[in-house]
Amino acid sequence: MLNLSTKQTVVIAVAFSLVLWATRGQHVASLFGLPDATWAISFMVGFLFGPLLFLVILAQAFLVDYLAMGNSLMNMAYFSLIPAYLALYLTGKWFRGQYDKQGLTLGAFALSFIGGIAICELVSSGSFYFQKSTASLSGFVELFGQYFFGNLFFAFCYVLVSSLAFYLMVGATNKKLA
């Protein structure tokens, strides 16, 4: 079981927020050349924290988008990002339960992470794609294949870096990690 102090929780939450603001969408990310980290952050928040921090992260993501693009994105497809991010949060939460029972297992991580990314991709890309009148299932399958592996790779890179940073920060004070 991971027991985080209040200070550790605040540091991690602030770090997640800063990364989200620095990478969210092309309107900000183009300044740094970094892909969006929202998917990885949603998964990690599910693993580490409760629903309150997830709601804070979700609100920040929507705020960044609103400040950058105004009402132009506010439609039903855009709001489907809520269940897409929720899928990542819940798969992170599921993996936490597995971690607490068995410790770190590659199978549980792969199942939760790849499954969460796949669900998130299906919901987020599908909702935007199928709002078009010319949408087809074969077109969506092609779109899914075009974006899924890139999104999986970048989310994995963020999870890997944040896990390493987490271990270096928390492992120094909490030897009961593994």
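This report describes the fold, the surroundings of some residues and the aromatic contacts of one protein chain.

The structure is a predicted model, in which local features need pLDDT of at least 70 and side-chain atom pairs count only at pLDDT 80 or more, while totals for chains, interfaces and linings use all residues. Residues are numbered from 1 along each chain as its sequence is written, and side-chain values use heavy atoms, with hydrogens and water left out.

## The chain as a whole

The chain has 8 helices and 0 strands, where helices (H or I, at least four residues) and strands (E, at least two) are DSSP runs that are numbered from the N terminus. Read along the sequence, this gives the pattern α-α-α-α-α-α-α-α. The radius of gyration of the chain is 17 Å, close to the 16 Å that the globule rule gives for 178 residues, so the chain is as compact as a globular protein of that length. Here the radius of gyration is taken over C-alpha atoms, and the globule rule is 2.2 Å times the number of residues to the power 0.38. Taken along the principal axes, the C-alpha atoms of the chain fill a box of roughly 55 × 35 × 25 Å.

Of the 178 residues, 43% count as buried, a word that means under 20% relative accessible area, whereas exposed means over 50% and partly exposed lies in between (1.4 Å probe, protein chains only). The accessible surface of the chain comes to about 9,700 Å², and 73% of that surface belongs to carbon and sulfur atoms; such areas come from the Shrake-Rupley method with a 1.4 Å probe, and for residues only the protein chains shown count as cover. Among the contacts in the chain with a separation of 6 or more, 71% are accounted for by residues 24 or more positions apart, contact meaning heavy atoms within 4.5 Å.

## Annotated spans

According to the UniProt record, an unreviewed entry, the annotation "transmembrane region" covers residues 41-64, 76-95, 107-130 and 151-170. The UniProt positions are given in the numbering used here, feature names are shortened, and annotations may be inferred rather than shown by experiment. For residues 76-95, the end C-alpha atoms lie 30 Å apart, and the span is 95% helix and 0% strand. For residues 107-130, the end C-alpha atoms lie 33 Å apart, and this span is 96% helix and 0% strand.

## Four residues and their surroundings

The table lists the place and accessibility of four residues.

| Residue | Place | Relative accessible area |
|---|---|---|
| Ser-42 | helix H3 (residues 38-48) | 1%, buried |
| Ser-80 | loop between helix H5 (76-79) and helix H6 (81-102) | 12%, buried |
| Ala-87 | helix H6 | 12%, buried |
| Lys-93 | helix H6 | 31%, partly exposed |

Leaving aside its neighbours within four places in sequence, Ser-42 is in contact with Phe-54, Tyr-85, Leu-88 and Tyr-89. Ser-42 and Tyr-85 are 43 residues apart in sequence, and their C-alpha atoms are 6.2 Å apart in space. With neighbours within four places again left aside, Ser-80 is in contact with Val-123 and Ser-127.

Not counting residues up to four places away in sequence, Lys-93 touches Gly-46, Phe-47, Phe-49 and Gly-50. Lys-93 and Phe-113, which are 20 residues apart in sequence, are 11 Å apart in space, C-alpha to C-alpha. The C-alpha atoms of Ala-87 and Lys-101, 14 residues apart along the chain, are separated by 21 Å.

## Aromatic rings

A pair of aromatic rings is described by the distance of the centres and the angle of the planes. Rings of Phe, Tyr and Trp (its six-membered ring) pair if their centres lie within 6.5 Å, and planes under 30 degrees apart count as stacked, over 60 as edge-to-face and the rest as tilted. A search of the whole structure finds 20 aromatic pairs. One of them joins Tyr-129 and Phe-130, an edge-to-face pair with 5.2 Å centre to centre and 80 degrees between the planes. Within this pair, Tyr-129 is buried, with a relative accessible area of 11%, whereas Phe-130 is partly exposed at 41%. Phe-153 and Phe-154 also form an edge-to-face pair, with 5.3 Å centre to centre and 70 degrees between the planes, and Phe-154 counts as partly exposed at 38% relative accessibility.

Phe-43, Phe-47, Phe-95, Tyr-99, Phe-109, Phe-113 and Phe-156 form one aromatic cluster. The charged end of Arg-96 sits over the ring of Phe-47, 5.6 Å from its centre, a description used if NZ of Lys or CZ of Arg is within 6 Å of the ring centre and within 35 degrees of the ring normal.
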